[in-house]
Amino acid sequence: MFRTVIVFGCIFCANVSANDVYFNQAWLRETPQEHSSVAIYGRLINESQGFEFLESVTSEQANLVMLHRSVKQQGMIGMVHIESVQIAPGETAYFEPAGLHMMAIGLRERPVQGDCLKLILQFRSGKEIKARAIVGSIAQMEFPRKKESCLE
Ligand SMILES: [Cu+2]
């Protein structure tokens, strides 16, 4: 009996839809070519009672999505891969140009302005959230506040 409980518990913790963690105002830029990589920005909000650690992001529209942070080294802007993003209870992590971002690598189709990119974010706690990022213009610098949206 005890073993059964553990099995069920693990099924749940492997894939729990969270309603206290949100990835809002998600966006990316249109890219000039196919098969390119693109940075994804947005706000990750933790309204849960505990720390959350974003560990993995996937998209069926890309081969790989990594967590990156832009860093300045000797006057040059580069990117480093980070393992996880920690968010304290009640805090928001800002993914924005020249800072923290998600990097979608090997996009299956070229993102065109107005398109949506579907994302799944997985946390160390077992929580999982779905998000949609909207594609802005090539020169977009912030969330495109337009009528079109990627909300389901
Ligand atoms: Cu990057």
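Two residues are in contact if their C-beta atoms, placed from the backbone, lie within 7 Å. The structure here is a predicted model; local features need pLDDT of at least 70, side-chain atom pairs count only at pLDDT 80 or more, and totals for chains, interfaces and linings use all residues. Numbering starts from 1 along each chain, as its sequence is written.

**Exercise 1. Contacts and confidence**

Task: State what share of the contacts with a separation of 6 or more is long in sequence, then locate a stretch of low pLDDT.

Solution.
- Step 1. Take the contacts in the protein chain with a separation of 6 or more: 67% of them join residues 24 or more positions apart.
- Step 2. Turn to pLDDT, the predictor's confidence in each residue, from 0 to 100. The chain average is 88, and 87% of the residues score at least 70.
- Step 3. Look at residues 4-11. Their pLDDT stays under 50, and the model gives them zero contacts beyond four places in sequence.

**Exercise 2. Strand order and pairing**

Task: List the elements, then find how β2 pairs with β3 and with β11.

Solution.
- Step 1. Count helices (DSSP runs of H or I, at least four residues) and strands (runs of E, at least two), numbered from the N terminus. The protein chain has one helix and 11 strands. The order from the N terminus is α-β-β-β-β-β-β-β-β-β-β-β.
- Step 2. Apply the pairing rule: DSSP must find at least two bridges between two strands. β2 and β3 are antiparallel, with six bridges. Phe23 faces Leu44 in β3.
- Step 3. β2 and β11 run parallel, joined by three bridges. Here Leu28 stands opposite Val135 in β11.

**Exercise 3. The core**

Task: Which residues of the largest nonpolar core touch the most other members, and which strand supplies the largest share?

Solution.
- Step 1. Define burial: 20 or more other C-beta atoms within 10 Å of a residue's own is buried, 12 or fewer is exposed, in between is partly exposed, with C-beta atoms placed from the backbone. By this count, 23% of the 152 residues are buried.
- Step 2. A nonpolar core joins buried Ala, Val, Leu, Ile, Met, Phe, Trp, Tyr and Cys residues through C-beta atoms within 7 Å. The largest has 25 residues; Ala26, Leu28, Ile40, Ala104 and Ala133 touch the most other members.
- Step 3. β3 gives the largest share, five residues.
- Step 4. Check Ala104. Beyond four places in sequence, its contacts include Ile40, Val65 and Leu117.

**Exercise 4. A residue after β11**

Task: Is Lys146 buried or exposed?

Solution.
- Step 1. Lys146 lies in the segment after β11.
- Step 2. Lys146 counts as exposed because it has 10 C-beta neighbours inside 10 Å.
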